[in-house]
Amino acid sequence: MTDAVPAPSPSAPSDSALMALPKAELHLHIEGTLEPDLVFELAGRNGVPLPYASVEELAAQYDFADLQSFLDLYYATMDVLRTKDDFAELTRRYLARAAEQGVRHVELFFDPQAHVARGVRLDDVVDGIGAALDEAERDLGITSGIILCFLRDESVESAEQILSAGLTRTDRIIGVGLDSAEVGYPPALFEAVYRRAREAGLRVVAHAGEEGPAGYVRDALDLLGAERIDHGIRSVEDDALVQRLAAERIALTVCPLSNLRLRAVPVLADHPLHELDDAGVAVTINSDDPAYFGGYVGDNFIAVRDALGLTAERAARYARNSIEASFASDGRKAELLQELEAWRG
Ligand code: ADE
Ligand code: ZN
């Protein structure tokens, strides 16, 4: 336990250096980038009634006790997303902010079951997000991929159905993930769904060890074949698992501000990020649901520096991990690693 804020170090990068650090964002729910002002704009455009009188009143709800209390608001506010253009606008606004925060490649999650259940067509979601990603590649030089997440607190049959639908859109969808309420919904439930996704050639990742135990991380590796673990912070409770993650170069997509705001850690100074790095695990820094958790990816780097200390060397290692653990082509990875070398100067 650390109580004191680390003394400012002369080797700690400045805010602007951390924003400029070229990075890949590997853990980002596009629906979690829905800022309160856009909620009101889309509600007005689509005639969706909101139980809040103002943007400020909605923003005041962003105080969470745990993952479930966040998810309740997250699923409620996404009801304003109705059309292909809504998804394009949401994604466009995320990408503009991501560009300012040094994101050069993004693999973003979306939750199609939550949209299809409301009568929104999967093609409208994918085409809207995809249109904004194409614009960003052309105008901002950001490359990308889309990962379809199964909601683990929905039925396995529902996951099978959305996978079948998703397999018609492998022009855009590069992989599958697993999110939503974790405890009580172990990876084992989704073993067959994941097998089918892998056999279809999709990349596979899974949330595990956010609120759930280290055993879920092991199961995500052994039963689902996960290539990366989203969050994974509770792995620190199991030394053998930490050694395995390091030996097999399984990256963890860690989200410090999310962990703080959902009370997975009591204070950021207690976050196990550097401890995992020191043990040789390939950790990366990401924003998860930045509209809800008080910061985009560059803000997460700054918060880590302020609470835990962060040398330029460690910051560059986290960025390098993100590039190497991404599903970008080898050529793209080489380009980004070169940009990173230039940052290091
Ligand atoms: N869906 C959106 N954000 C999530 C998170 N942090 N954990 C699980 N499911 C999520
Ligand atoms: Zn997440």
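Student: In which strand does H231 lie?
Tutor: This is a predicted model, in which local features need pLDDT of at least 70, side-chain atom pairs count only at pLDDT 80 or more, and totals for chains, interfaces and linings use all residues, while side-chain values use heavy atoms and leave out hydrogens and water. Residues are numbered from 1 along each chain as its sequence is written, whereas chains are lettered from A and ligands numbered from 1 in the order in which they are written. Helices and strands are DSSP runs numbered from the N terminus (H or I over at least four residues for a helix, E over at least two for a strand). H231 belongs to the run of residues 228-231, which is strand β6.

Student: Is H231 buried or exposed?
Tutor: A residue is called buried under 20% relative accessible area, exposed over 50% and partly exposed in between, with a 1.4 Å probe and protein chains only. The relative accessibility of H231 is 0%, and therefore H231 counts as buried.

Student: What is the phi of H231, about how many degrees?
Tutor: Most residues other than glycine have a negative phi. H231 is not a glycine, and yet its phi is positive, at about 75 degrees.

Student: Which other residue, in the loop between β8 and α14, has a positive phi?
Tutor: The loop in question runs between β8 (283-285) and α14 (290-293). The residue there is buried, because its relative accessibility is 3%. Its phi is near 65 degrees, a positive value in a residue other than glycine, and the residue is D288.

Student: Which protein residues are the donors of the zinc ion (ligand 2)?
Tutor: Donors are N, O and S atoms within 2.8 Å of the metal (3.2 Å for Na, K and Ca), and since water is not among the atoms, sites may look incomplete. In sequence, the donor residues follow the spacing H-x1-H-x177-H-x80-D, and two of them, H27 and H29, are buried. The donor atoms, an NE2 from each histidine and an OD from the aspartate, lie 2.0 to 2.3 Å from the zinc ion and come from H27, H29, H207 and D288.

Student: Why is the arrangement around the zinc ion (ligand 2) irregular, and what angles do the donor atoms subtend?
Tutor: Four donors count as tetrahedral if all angles lie between 85 and 135 degrees; four count as square planar and six as octahedral if opposite donors are over 155 degrees apart and all others between 65 and 115, and anything else is irregular. The arrangement of the 4 donor atoms here is irregular because of the angles they subtend, which are 82 to 174 degrees.

Student: Which residues surround ligand 1?
Tutor: A residue is near a molecule if one of its heavy atoms lies within 4 Å of it. The zinc donors H29, H207 and D288 are also among the residues around ligand 1. The full list is H29, L67, F70, L71, Y74, D179, S180, H207, E210, H231, D288 and D289.

Student: How much of the area that ligand 1 exposes when taken alone does the protein bury?
Tutor: Polar contacts here are pairs of N or O atoms within 3.5 Å (within protein, one must be able to donate a hydrogen and the other to accept it, and residues adjacent in sequence count only if both atoms are side-chain atoms). A nitrogen atom of ligand 1 lies 2.8 Å from a polar backbone atom of S180, and polar side-chain atoms lie 3.4 Å from a ligand nitrogen in H231 and 2.7 Å in D289. Taken alone, ligand 1 exposes 260 Å² (Shrake-Rupley method, 1.4 Å probe; for residues, only the protein chains shown count as cover), and the share that the protein buries is 100%.

Student: Which residue does R172 meet in a salt bridge?
Tutor: A salt bridge is a side-chain nitrogen of Lys or Arg within 4 Å of a carboxyl oxygen of Asp or Glu. For R172, the N to O distance is 2.8 Å. The pair links distant parts of the chain, with R172 in the loop between α8 (156-166) and β4 (173-179) and its partner 38 residues away in helix α7 (residues 122-140). R172 is partly exposed at 23% relative accessibility, and its partner, partly exposed at 40%, is D134.

Student: In which helix are R320 and E324 about one helical turn apart?
Tutor: R320 and E324 form a salt bridge, their closest N and O atoms being 4.0 Å apart. R320 is partly exposed at 34%, as is E324 at 39%. Being 4 residues apart, they are separated by about one helical turn within residues 312-324, helix α16.

Student: How many salt bridges are there by this rule?
Tutor: One of them joins D139 and R138 at 3.0 Å, while E41, E89, R92, R93 and E135 are linked in a network. The count comes to 30.
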